[in-house]
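Work through the exercises below with the sequence and the structure side by side, trying each task before reading its solution.

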Amino acid sequence: MKDFRLATVCMRSIAEDAEANLRSMLAYIDKAEAVGAGMVVFPEMSLSGYSMASPPEGLSFDSEEVRAVSEASKGTIVCFGFADDEGYITQAVAEDGRIVGVYRKTHLGYREAEVMRQGDSLDVIRTSVADIGIQLCWESHFPDITRTYAMRGADVVLMPTASGLSKERRAEVWGRILPARAYDNSVFVASCNAVGDNGAGVVFGGGSMVFDPLGRVLAETHGDVESMVVADLRAESLDRIRNGDGYRSMRNVHYLSKRRSELYEK
């Protein structure tokens with residue numbers, strides 16, 4: 001991993017209006033580049049807009065909107081979401097004008113399972129600044145996903161969401177589970193939520209949080225309006241844990257390296 005600045009976007013997306021969502025996303029990408037961000041992360045299904053009232057009209061990887069976001073990644077790495085034309089909830093990572101990795105949601109919510117297909121892989125996505133894993137929205141409640149990414153070498157786990165929880169309830173939930181995902185697995189964790197009325201009867205609660213590998217908050221916002229926050233992710237924070245002894249002070253333990261997998265992986 002290299003030192004880099006991460007920008008997380010809390011954005012309003014309109015269901016089935018990829019053209020309007022694209023305009024908003026391109027504006028935020030410009031803002032991220034202006035503050036020197038090496039990566040910008042958008043919420044779940046930010047490009048297509050999140051709605052499960054019926055099977056959403058999916059975007060292909062060759063669609064004009066997806067290609068436009070990919071092209072915009074020449075200045076900063078972009079992580080963005082959409083419903084794809086094969087029926088998956090997809091989060092793609094673009095760098096230098098092309099898609100370098102794709103995650104298809106593996107654990108679907110109740111309504112999602114009625115209209116969407118379930119992905120079946122947890123691949124770490126390699127970028128020029130960090131190796132990343134992605135788990136979407138309520139998947140943050142599954143510790144095994146984060147653990148799998150960490151064991152496969154992820155430096156950062158991104159958790160874009162489209163949650164209709166109120167800002168207070170969402171902040172309370174994230175405050176309990178996200179620091180644990182970061183601390184237990186010695187990874188950076190970043191989450192950003194959709195915000196506002198999606199035009200299809202759902203209102204999202206907003207918010208962004210970024211944690212360091214010790215579970216400490218690096219940046220956060222809990223408002224219910226659009227926003228972008230930035231955090232500087234330092235490689236030294238990971239190196240100190242992963243390369244240290246870990247026993248002398250118990251301050252920077254790399255817990256994964258102390259696991260006795262033979263006891264609980266049977």
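The exercises that follow go from the whole protein to single helices and then to single residues.

**Before starting**

This is a predicted model, in which local features need pLDDT of at least 70 and side-chain atom pairs count only at pLDDT 80 or more, while totals for chains, interfaces and linings use all residues. Residues are numbered from 1 along each chain as its sequence is written, and side-chain values use heavy atoms, with hydrogens and water left out.

**Exercise 1. The whole protein**

Task: Describe the helices and strands, the overall dimensions and the surface of the protein.

Solution: Begin with the secondary structure, which consists of seven helices and 14 strands; helices (H or I, at least four residues) and strands (E, at least two) are DSSP runs, numbered from the N terminus. The radius of gyration is 18 Å, close to the 18 Å that the globule rule gives for 266 residues, so the protein is as compact as a globular protein of that length. Here the radius is taken over C-alpha atoms, and the rule is 2.2 Å times the number of residues to the power 0.38. Along the principal axes, the C-alpha atoms fill a box of roughly 55 × 40 × 35 Å.

Next, consider burial: of the 266 residues, 55% are buried, where buried means under 20% relative accessible area, exposed over 50%, and partly exposed in between (1.4 Å probe, protein chains only). Among contacts between residues at least 6 apart in sequence, 65% join residues at least 24 apart, a contact being heavy atoms within 4.5 Å.

Finally, turn to the surface, whose accessible area is about 11700 Å², with 46% belonging to carbon and sulfur atoms; such areas come from the Shrake-Rupley method with a 1.4 Å probe.

**Exercise 2. Two helices and their buried sides**

Task: Which residues of helix H4 are buried, and which residues of helix H6 are buried?

Solution: Take H4 (residues 143-151) to begin with, where the buried residues are Ile145, Thr146, Tyr149 and Ala150. They cover an arc of only 130° around the axis, which puts them on the same side of H4; the arc is that of the directions from the helix axis to the C-beta atoms. These buried residues of H4 pack against strands E5 (98-104), E7 (131-134) and E8 (156-161), and also against helix H5 (167-185). Just after H4 comes Gly153, which takes a positive phi of about 100°.

Then take H6 (residues 235-242), in which Ala235, Ser237, Leu238 and Ile241 are buried. Their arc around the axis is only 160°, which puts them on the same side of H6. The cover over the buried residues of H6 includes strand E9 and strand E14 (227-233).

**Exercise 3. Positive phi outside glycine**

Task: Are Asp96 and Ser186 buried or exposed, and where does each one lie?

Solution: Asp96 has a positive phi of about 55° although it is not a glycine, and its place is in the loop between strand E4 (89-95) and E5. With a relative accessibility of 56%, Asp96 counts as exposed. Ser186 is also a residue other than glycine with a positive phi, near 55°, and it sits in the loop between H5 and strand E9 (188-193). At 2% relative accessibility, however, Ser186 counts as buried.

**Exercise 4. Following contacts through the interior**

Task: What surrounds Met11, Asn193 and Glu112, leaving aside neighbours within four places in sequence?

Solution: Start at Met11, in the loop between strand E1 (4-10) and helix H1 (18-34), which is buried with a relative accessible area of 0%. Its contacts include Tyr28, Phe42, Pro43, Asn193 and Glu226. Between Met11 and Tyr28, which are 17 residues apart in sequence, the C-alpha distance is 9.1 Å.

Move on to Asn193, which is found in strand E9 and counts as buried at 0% relative accessibility. Among the residues in contact with Asn193 are Met11, Pro43, Thr161, Arg170, Trp174 and Gly205. The C-alpha atoms of Asn193 and Glu226 are separated by 9.7 Å, although these residues are 33 apart along the chain.

End with Glu112, which lies in helix H3 (residues 110-115) and is buried, with a relative accessible area of 4%. Glu112 touches Glu44, Tyr50, Met52, Ile89, Lys105 and His107.
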